[in-house]
Amino acid sequence: MGIPDRLAERMSMAEQHEWLTAQRPSRRTLFRAGAFGAGTLLAGPSLLSSAASATASAPPAGPTLVTTNATANGASVAPFARHLAFGADPRRQIRIGWQVPVPVDKPFIRIGTHPSDLSGRIPAEVRPLHSVVAGAAGPVDQYYLHVAVDGLRPDTTYYYGVGHQGYEPATASGAISTVHTAPRRGRWDAEPFTFTAFGDQGVSAHALANDGVVARQNPVFHLLLGDIAYADPSGQGKPVSSTGANGTDIYDPSVWDSYLGQIEAVASRVPWMVATGNHDMEALYSPDGYGGQIARWNFPGNGPRTCPSVYSFIYGNVGVISLDANDVSNEIPANRGYSNGSQTAWLKSRLEFLRRQPDVDFVVVFFHHCAYSTTNAHASEGGVRAEWVPLFDTYRVDLVLNGHNHIYERTDPLRGGRPGKAVPIGGTVHPDTDGTTYLAVGGGGRSLYNFPAADSYAGNVNDVAPITSYSWTGVGVKTPEVVAWSRVRYTGYSFVAVDVRPARPGRPATLTVRAIAESGTELDRVTLVRTAGLCTVGSRGVSGTRADFDAA
Ligand SMILES: [Fe+2]
Ligand SMILES: [Fe+2]
């Protein structure tokens, strides 16, 4: 039982959720009084009461607090889907998430600087999800467990294991993993590091192949540019059913189990920093569609209160910002305007903050919908250009990473929408004068789109200009445009590795983007150069000192 077509067309995500939950007053009461959407700490599964009785005559859709009296024999249950994230301070804060297939007693982690010297049990927070999707065979219960660990030492490898009563990771085979905290800031002797990014991953052989090549880059963190699992393959932010009939989105929550299992080999060691795409709006769990996201992921939580996947952190000399472009999308407007402008106001204040940090050389912003792309599928999102690009220009953002278009594409550096100069493969960009470089990195594994012009990448250069494309300039409005900024195009599964070299005496800081195919072949390379910043030892008279911004 979904929302009738004629209503769904006119309803925002919040209105759809309200309509759905209004059919189920008892569950609505439970949800709003309940815990997980607000991030409240539950003491453990033993607080939960029976899901079976709650779903025996279940209506077709809607959120609820999972309730159960019974827990499984812990010895017969293995945790799975471990995934890490940084807190707002990557030097000292690590967040550890995982899943269990059935309720367990007293879930916990142990963590320490040596695998044989782990801490006592640190209790986990339980964020359960329960869903009954219209037309599906039965309910799906998912149990997400989380621990926030603060007070860690910078630049330190920690060993950790997750467990519960009856399952002890310290003695279970292969159950101990590692995580490394970020280095202190402002060090003149800071080491180079690499981070990686892609969007639009889903569950597939290509997605798994990309994970493997990403792991071989030894990234210190990975950016996921939205459209994560595709449990909702429709991606319109509409009410959900198992079939997509009557104008609803198709939805299968069990896809998340496959996805989180797929990424565990990497995400259990590398913080997996997530942005939200159109396929990540799920009307089932909360008015903004993000109740499921909040249950599955740990977001740093330093963005606007209403935008869970909007946040920022500093790693070394790089400031990173995650945005939610569903808030400004003309193409898919289910959540358009949901932050009431608070996200854009926060972005401005955060960019000001980052540009005041003398040890931050590069500012990298990532979100889902492309400001600039030429594919035949989604092309460019005019809402992003109208709301955020002027801020990127004002604050000289160095690099913008997007997904949504399932390809790899790089623009020449842009300011005011115009290219500063043509930058061939292997070229150099001075962002302060040349402009911001925009990358579409949507070849994470789900599927592939195509371009109106020939591919152009390393070993296959085809400079084509101008290219006729379009931008979503209003809700449902595509406005044609002729562009000259599409420098590199690749139709294939791929990702980017970003190598950051802090400044040294007489040498500026550099940020080198390498686009890499799932086969490991390099497709593109461009180096961004910043001569400002405290790390330019000597230029500001700090040679020989160890400036430390740990208190910042
Ligand atoms: Fe996508
Ligand atoms: Fe998308």
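A nonpolar core here is a set of buried Ala, Val, Leu, Ile, Met, Phe, Trp, Tyr and Cys residues joined through side-chain atoms within 4.5 Å. Keep that in mind as you click through this predicted model.

**Stop 1: the cores**

Start by selecting Ile96, Leu223, Tyr259, Trp272, Trp297, Leu401 and Val496. They have the most contacts inside the largest nonpolar core, which has 90 residues. In soluble globular proteins, nonpolar side chains tend to be buried together.

Now zoom in on Leu223. Which residues is it in contact with, leaving aside its neighbours within four places in sequence? Show Phe195, Thr196, Ala197 and Phe198, then add Met273, Phe313, Val320, Phe366 and Leu401, and you have the set.

Next, pick Ile321, Leu354, Phe392 and Leu414: these are included in a second, separate core of 36 residues.

**Stop 2: the iron ions**

Select ligand 1, an iron ion, and display its protein donors: Asp200 (OD), Asp227 (OD), Tyr230 (OH) and His406 (NE2), at 2.1 to 2.2 Å. Go ahead and check the angles. The four donor atoms subtend 88 to 173° around this iron ion, which makes the arrangement irregular. Along the chain, the spacing of the donor residues reads D-x26-D-x2-Y-x175-H.

Bring up ligand 2, also an iron ion, and you'll find it 3.4 Å from ligand 1, with Asp227 coordinating both. Asp200 sits in the loop between strand E9 (193–198) and helix H5 (205–216), while Asp227 is in the loop between strand E10 (222–224) and strand E11 (240–241), so the pair ties together parts that are 27 residues apart in sequence. Colour by accessibility and both Asp200 and Asp227 come up as buried.

**Stop 3: strand E28 and its partners**

Jump to residues 509–517, strand E28. Is this strand enclosed or open? Nine of its nine residues are buried, so E28 is largely enclosed by the rest of the structure. In a regular strand the side chains alternate between the two faces of the sheet. For one side of E28, select Ala509, Leu511, Val513, Ala515 and Ala517; for the other, Thr510, Thr512, Arg514 and Ile516. Both faces are covered.

Add strand E27 (residues 494–501), which pairs with E28 in the antiparallel sense over eight bridges. To line the two up, find Ala497, which stands opposite Arg514 in E28.

Then show strand E29 (residues 522–530), joined to E28 by eight bridges and running antiparallel to it. Here the landmark is Ala509, opposite Arg530 in E29.

Finish at the hairpin of E28 and E29: four residues lie between the strands, and Gly520 takes a positive phi near 100°.

Terms used: Residues are numbered from 1 along each chain as its sequence is written. Chains are lettered from A and ligands numbered from 1 in the order in which they are written. This is a predicted model: local features need pLDDT of at least 70, side-chain atom pairs count only at pLDDT 80 or more; totals for chains, interfaces and linings use all residues. Side-chain values use heavy atoms; hydrogens and water are left out. Donors are N, O and S atoms within 2.8 Å of the metal (3.2 Å for Na, K and Ca); water is not among the atoms, so sites may look incomplete. Four donors count as tetrahedral if all angles lie between 85 and 135 degrees; four count as square planar and six as octahedral if opposite donors are over 155 degrees apart and all others between 65 and 115; anything else is irregular. Buried means under 20% relative accessible area, exposed over 50%, partly exposed in between (1.4 Å probe, protein chains only). Contact means heavy atoms within 4.5 Å. Two strands pair if DSSP finds at least two bridges between them.
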